[in-house]
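Trainee: Could you take me through one part of this model closely, starting from a single charged side chain and working outwards to what surrounds it? I would like the reasoning spelled out as you go.

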Amino acid sequence: MMMSLLLPLAGSFVLLVLVLIFRLHYTRKGERKGQNTPKDVPHKFFFGIATHMFRSGMNGTVYDWMVKTCESHDWKPWCWSTPFNTQLLITDPEDLKHAFHKNADNYTHGKRKERFQELLGDGIFNSDGAIWKQQRTMASHMFTKAQLDYMETVFVRNAGKVCSLLGTHADEKTVCDIQRFMYCYTFDSINEIAFGRAVDSLGGNEKDLLFQKSFDASQSICTTRFVNPFWKINRFLNIKGEREMKEHLKIIDSYLHEVIDEKMKDRESNEQNLVAMHITQCEIDGNTYTASDLRDIILNFTIAGRDTTASASTSMILELLRNPDCMDRVLSEIKEANHINDMHYLKA
């Protein structure tokens, strides 16, 4: 009887010791690599900063805390760790150049890759080495003068839709969600550039909105994997967010493969969209490609152009509302300028 009670306790004790040893090794390994955690970061043995991240995440101040910590550390690279994860934060342009340009082979995605694999595949944000360099070269073709002019045309046209919607709310004196408008605006614009066909989540197109919803939800689920050590178990058991992830991926893949199949079967030689350009470039270089390759490229391109631009635009509008003097100066410049290139203050 006593033995049957002691065995589970002994097993639990051994497991705890192994976890602590692993954690100690993980911490010291980081220290040997030169990783650095500022003294003012609330770092606890085994849990690292997990409890602090959870609290700041719940009250919506996690990014404010990151910025303050970076500032207090003179904007030098620093690390934080949780029980099974370590993150390196880089803010200085020269350090970023060192990591992403001069020594890219030394800075791989590591465990981050598997957390985003189902969504991003082997796209530029989730690849290393030769695949990353190939996609980086391909991405450079998107920034020729002709391509930039095409992008500007798409963004300006969709900006007109946003202005129309905002004008309606202003006339009716109703509240609107600026962030939602910005994310729909950039989503429609970036995907039109990628697909070569109109995307209209701003106008309420049901199919586009469903794709957008699954696109956002799948990113969120992938992000939670960084703080949930049991996500692989959940995926194996097909429960919670991992079950939802599979449904979202079905919607995403169905939407994208419809576009890709269309372009692979029928495209014009001078098309400027991302899918057609990639197919043409592969044929010129003699490289093979698959529908899966194109799917990964499109999703990564969408994240690169949509989320960053939408977030920056929303933040800019928020800061202008908080600073009326700056807003008045911007409005005055818009009225006086003949072209967007003349709006130096707005650009700054």
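Mentor: Let us start with Arg225, which in this predicted model is buried, because its relative accessible area is 1%, below the 20% cut-off. Its side chain meets that of Glu118 in a salt bridge, at 2.7 Å from N to O. Glu118 belongs to helix H5, residues 112-120, whereas Arg225 sits in the loop between helix H9 (206-224) and H10, so the pair ties together parts of the chain that are 107 residues apart in sequence. Unlike the buried Arg225, Glu118 counts as partly exposed, because its relative accessibility is 28%. In general terms, side chains of opposite charge can pair when their charged atoms come close.

A second bridge that links distant parts of the chain can be set beside this one. Asp200 forms a salt bridge with Lys161, and their closest N and O atoms are 3.5 Å apart. Here Asp200 lies in the loop between helix H8 (178-195) and H9, while Lys161 is in helix H7, residues 145-172, and the two are 39 residues apart. Both partners are partly exposed, with Asp200 at 26% relative accessibility and Lys161 at 32%. Returning to the starting point, salt bridges that share partners join Glu118, Arg225, Arg235 and Glu242 into one network.

Another bridge is formed by Lys113 with Asp122, where the closest N and O atoms are 3.4 Å apart. Lys113 counts as partly exposed at 24% relative accessibility, and Asp122 is likewise partly exposed, with a relative accessible area of 32%. The structure holds 17 salt bridges, among them the bridges of Arg225 with Glu118, of Asp200 with Lys161 and of Lys113 with Asp122.

From the charged pairs we can turn to a nonpolar part of the surface. Phe230, Ile233, Phe236 and Leu237 form a nonpolar patch there, and together they have about 480 Å² of accessible area. Of these residues, Ile233 lies in helix H10, residues 231-237, and counts as partly exposed because its relative accessibility is 46%.

Helix H3, residues 62-72, offers a view of burial within one element, since Val62, Trp65, Met66, Thr69 and Cys70 are buried there. Seen down the axis of H3, the buried residues fall within an arc of 135°, so they line one face of the helix. On the other side of H3, Tyr63 and Lys68 are exposed, and just after the helix Asp74 takes a positive phi of about 60°.

The cysteines deserve a careful word as well. Cys222 is buried, with a relative accessible area of 0%, whereas Cys163 counts as exposed at 52% relative accessibility. With sulfur atoms required to lie within 2.5 Å of each other, the count comes to zero disulfides.

Finally, for the setting of all this, the chain has 15 helices and two strands, and buried residues make up 34% of its 348 residues. The chain exposes about 21,500 Å², of which carbon and sulfur atoms supply 60%. Among contacts with a separation of 6 or more, residues 24 or more positions apart account for 58%.

Methods. Residues numbered from 1 in each chain as written. Predicted model: local features only at pLDDT ≥ 70, side-chain atom pairs only at ≥ 80, totals over all residues. Heavy atoms only, no water. Buried < 20%, exposed > 50% of the residue type's maximum accessible area, 1.4 Å probe, protein only. Helix = DSSP H or I, 4+ residues; strand = E, 2+ residues; numbered from the N terminus. Contact = heavy atoms within 4.5 Å. Areas by Shrake-Rupley, 256 points an atom, 1.4 Å probe, with all protein chains shown as cover. Patch = residues over 30% accessible without salt bridge, like charges linked within 9 Å, V, L, I, M, F, W, Y side chains within 5 Å. Salt bridge = Lys/Arg side-chain N within 4 Å of Asp/Glu carboxyl O. Arc of directions from axis to C-beta.
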